[in-house]
Structure formats: C-alpha cells, structure tokens
Amino acid sequence: MPSNTIVERVVADLQKYPPFDELASDILQELAESVSLTYHEEGEILFRKGDTLKKHAFMVMKGAVRLFDNVDGKEVLVDLCDEGDIFGVRAIFAHQDYVLTAQVAEESLLFELPVDKIRHLLETNPRVSLFFAGAFAKSVEEIEHTLTEALGIGQRLCREQSYNNFLQNETLEVKPVTDVITCLPDITIRDAAKIMSERNIGSIIIVSPQKCPLGIITDTDLTKKVVSRPGSIKEEPVSSIMSSPVYTISGGKTIADMVMLMVKTKLRHFCITEDGSPDSPVMGIISEHDIITSEGNNPAVIMKAIMQASDRDQLKEQRDKTENLLQVYMEQEVAVHFISNIVTEINDAIITRAIDFSLKELETEKEFMRPNIEFCWLSLGSEGRKEQLLRTDQDNAILYAEPSAGEKEAAHEYFLALGRKVTGILQHCGFVVCPADIMASNPVWCQPLSVWKGYFSRWIVTPEPKAVMHSTIFFDFRPVYGQAKLAAELKQEIFSLIAKNRGFLGFFAKNALQNPPPLGFFRNFLVEKSRDHANEFDIKARAMMPLSDAARVLAYEQKIPEYFSTVERFKRLQVLVPGMKELGAEAAAGYEFLMRLRAVNGLANVSSGRYIKPETLNKIERQNLRNVFSTIEKVQKALNLRFQLDYIRD
C-alpha cells in the first residue's frame, strides 16, 4: 500500500487532466492507490503491434511516447503522446491485441492504470465512459487518416488540393497587349528591327493592308536568321524571315487555355484577331511573358513590378503581395530555404528601389549636393542574415568611403538625408522602425568606413555588455546596395581585430549562452511574465537566438567571408569545424523548423510571429520544439567546451 503522501501526489497529478479532473475525491483516491509510477528511457519499447494486451493502460506524466505502425516497411508515426495523454486504452474496448507500437520518445514518467479499474470506471461513471468513447473514436479516425496518407491516398488529396489551387489561379483571363505594333511585309528587316528597338518590344506582327496577320518576327528570328547568317540581308523585306502563318486566336483566353496552347503548339506568341481567324484584323497579342505575368502570386512578376515601380505605394503593394505568396508557400509546405531566398530577393529589390527613389528625390530637391563618394547600404540583424520572412522592424545602416577633410560634414548630412528618406519608404512598405533606433536615419549608424572600423574595434577590444549586445545585430551586416567592397573591407578588418583579440570570441560565445534551452526533462514551456505577452512563448529569444548566436560566433571564428544565413552558416560549419558534421545538420534543420513555425504564427495572428501561445501548438510541433531544444543544448555544450567558457567570468 503506497504512503498517503505518494497517493496524494498521484491524486494531484491525475486531477490535472481529463477525465480524472471530474471524478469525485473518494473515487480518485481509490484509483490513485492502484496506480504505479514507472520510469522509462528514450527508445524503450512499451509494447509492439500484435502484443497481447497488458494489464494496465498508460498515462504520460512527464516526457513523450510515440505510437507508430509499419506500412510497406516504412515507419508511419500515428500519434505523439505527451503530458496527460492516455494510450493503450483502445485495446481494452476492442478486447484485442495492440494495433500499434509504443516507443518512448524521450525519457518519461508514466502512470500505469490497471485495466480492471478503468473498466470499473467505464461501467460506473458516464462521464469517464463518454470521454474514452470520444477518445477512442478520435483515435480510430486519426489512425485511419494517418495510415491512409501513408498508403498514398493522402498524396491524391494533396494533388487534388494542388489541382484546385491550379484551377483557382489558372482561370484568370490573360490580358493581351492591345497596342500591337505591326508593319507591312515589304519593309526592310533593318526598318522592322529599328521599330522593335525604338518601341522596346520583342516581336512585331507583319500584316496585310487590311490589318490581317501574315506572320511574325521576334528577337529570336533576328538573332538566328539575320545576325548569325553570313552576309548582310538587312535590306531584304521582312517577309523573308517572318514566321508564317501566325497562330491566331480569339480574345478572352484564360491562363489554363494559354498554357495548354503553348504546350500543344510549342509557340510563344499568339495573335488575337477579331474572329480568331487569320482573315480578320489584328486586335492584340499574347506572349509567353504575358501568360506568366498574369499570375499575381508569382515571385518573378513581383520582382518585375518592383523594378518597374514608380512610387512608394507600388512598392508597398508588391510587398503586400509577397505576404500572400509567403502564405501560399507555407500552406504548400515549400522548403523554408527556398522561401527565405525568394523573400530576401524581394526585400532587397524593395530596398534598392527605395534608395533609387530617394537619390532621385535628393537630386530634385537640391537641398543637398551628392558627394562623389562611394557608399553601401547595409542590412543588419535578421534581414542581414536573409531570414526576414515577415515584415518585422528595420535594422539598417549606411557605410560610406572616407571623405576628404573638407567634405566630411556635407557627406554626413547627405547620407543621413538619404537614410531618412529610405527608412521612411520602408516604413511605408510595412517595415516598422527599430525600437532601439538602429537605422540608417540615426546619425550614429550613418558613418564613413573609418568610424565603422572604430566601432567594431571598440566592441571587440572592450567587449562590454552593451557592445556584446550590439554584436547580435551589427555582426550580421550584409551589403544590399552600392559598393559591396566597402562591406568586404569592414569584414576583413573585423577578422583582423578578432585575430588580435582572441578573448573577444570567448565573450562573444559567452553571450551566446545567455538563453539556455527553455524546456528540459520534467519542465514545461518557459513563458513570458510581462503584461503584454503573459503566458506566451518567445520563440525568437528562447529558441532562435541561441542557435543564430552560436552560428555567428563560430562563423567569425572560422573567418567565413560570405554573408550567410544561420542555416547556411551551420552547413558550412559542418565542413569546417571538427565534431559539427551531424550537429550542424541537426541545428540547420532545427532552425528552419523555427523559421517556419514563427512565420506561420505571424501570418495567423498578423504579427511578427515572435510570441506563441503554447496551447495553439499541436503535438508534432511541441515534439519538434523539444527536439530543437535538445539540439540547442548540444550546440551550447559544444560552444562551452570549445571556448572553455566555464573559466570566463560574467
């Protein structure tokens, strides 16, 4: 008979979870007296598929247990049970052997609940009976769903979903070019080429005097049939090289229509005529480019629209579209590294256009004279690491070449004015201002190369807490516009300074351990206590920063010159640092998971995604987070060992 103290503890634990939270105290007391508490190590098999039913069911008190089946020799995860979950009950209902295998996913404490006690509760307590019946039905549904997916039906559903997405996108009508440029068949090739050049078009339709299409020439025709041929044929009539007949269609075609037509005809240009036949006048033309650009959520289209934007509103419109693109990519489970590359390119293009606009405005306003000095726009922090999927706050700076003694003040005023204009445009596009004012509009962060070298020298030689704090932002700089060689020179200076001050790396590494993994064995999520985010989990500070900080330290130790993301850094470190081959891959995969989780949370809550309500995470996400925390712990231990951090005072 267990002691009263132990029984009371079991009662307290059982009361936290359904269905035991609704049992009368005397019934709960009786159940608690029959429960056994057992410890299990990671990897231990509790029961296998086909095993005879044990005399007890299981309830997870601490840790996690995975339930899986084998389909065609492949292991299929059906469920992950964590705190409060009961498993091994279905067999009690069905009076049969186990249909799944249970394996301990991490070291765990389990309650073993006697089968006869559960049966008694089922027979005497309607609420318990209802709970288990519901759980049983849900369990069956989940098992069937999971196994169905494993057998390939899920793939069909995915294909159907993709097909539906395809239909939704592809039923859009392709907008043809209606201002069609045409010419008569007897004009010379030279004149036709001149028209194409002056009008900046890639094709011209050759028409009869009645405007009916006779043929078409394109840039490709000029290259293959004129430039590459010996002798000059430029004075020959354009009809001698045109592709004829031209393929004619009627208007009102959808993207799907045109894609099918392109596949069928292998042509890239289609002429729209009044009745769709070559015997009626030309009304428009659709090219392969027009078909592609008809899809709004196409990164190439967004990029082109940004490059052609003429004002800040158009930039904002394209950045809004990027958010939609991000949503689609997330729903379709597109790889995070691909998404981050796309979004980084789009962000960089917006910054570039914002700088173009600002330079032009400054030139027009004539308040400041542009100095004949090279400069470089730096993105810092997450954007510097190419990881800013959502529009979070700005972190940027301006680095310019050394002005002469007489032009220092004017140069600073000009680049500061530039910084204010650009950051204003970025704010208009949804990138909020940095709370710490680490932006190019701040005079402190708009400086010539010599001052920047001085900043880094001070931070490295005298690594005070504030200096180390800066390191998490400024050491992740990346040139986005202007002279990248200035940024490269600054980076080489940093490598040189670190080589002369090896102690800095120790402080750098020590700072990377400031955020230990928030979840360990027998502990719950560490949530925030502040009023604004009480009981929410800070994924940036608690999970992402420990990994990005560690990767940064090792990247600078290894003098990696490229402006890498955290994932790219870990992948490079796999090769450069002994002992990091497997851990680097693990950390890279974990960081990608965190980026996805934060982006999904941000899209769902129209926020930066930084703060997550733990109750919104599903079991798989919780388990993946646990795995990432385990990785963080290993990375931090490796960092601690590598830099002998136990011997460095705080």
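Which residues lie nearest the centre of the second largest pocket? In this predicted model, local features need pLDDT of at least 70 and side-chain atom pairs count only at pLDDT 80 or more, while totals for chains, interfaces and linings use all residues. Residues are numbered from 1 along each chain as its sequence is written, and side-chain values use heavy atoms, with hydrogens and water left out.

The residues in question are D395, I473, K540, M545 and R610, among the 32 that line the pocket. A pocket here is an open set of points on a 1 Å grid over the protein atoms alone, where a 1.4 Å probe fits, with protein on both sides within 12 Å along at least five of seven lines; lining residues have an atom within 4 Å of a point. Helix 20 (539-557), one of the elements that give two or more residues to this lining, supplies the largest share, six residues. Helices (H or I, at least four residues) and strands (E, at least two) are DSSP runs, numbered from the N terminus.

Helix 1 (residues 4-14) shows two sides. Its buried residues (under 20% relative accessible area, 1.4 Å probe, protein chains only) are V7, V10, V11, D13 and L14. These cover an arc of only 165 degrees around the axis, which puts them on the same side of helix 1; the arc is that of the directions from the helix axis to the C-beta atoms. On the other side, N4, T5, E8 and R9 are exposed, that is, over 50%. The cover over the buried residues of helix 1 includes helix 2 (25-34), strand 3 (56-71) and strand 6 (101-114).

Definitions and conventions
Contact means heavy atoms within 4.5 Å.
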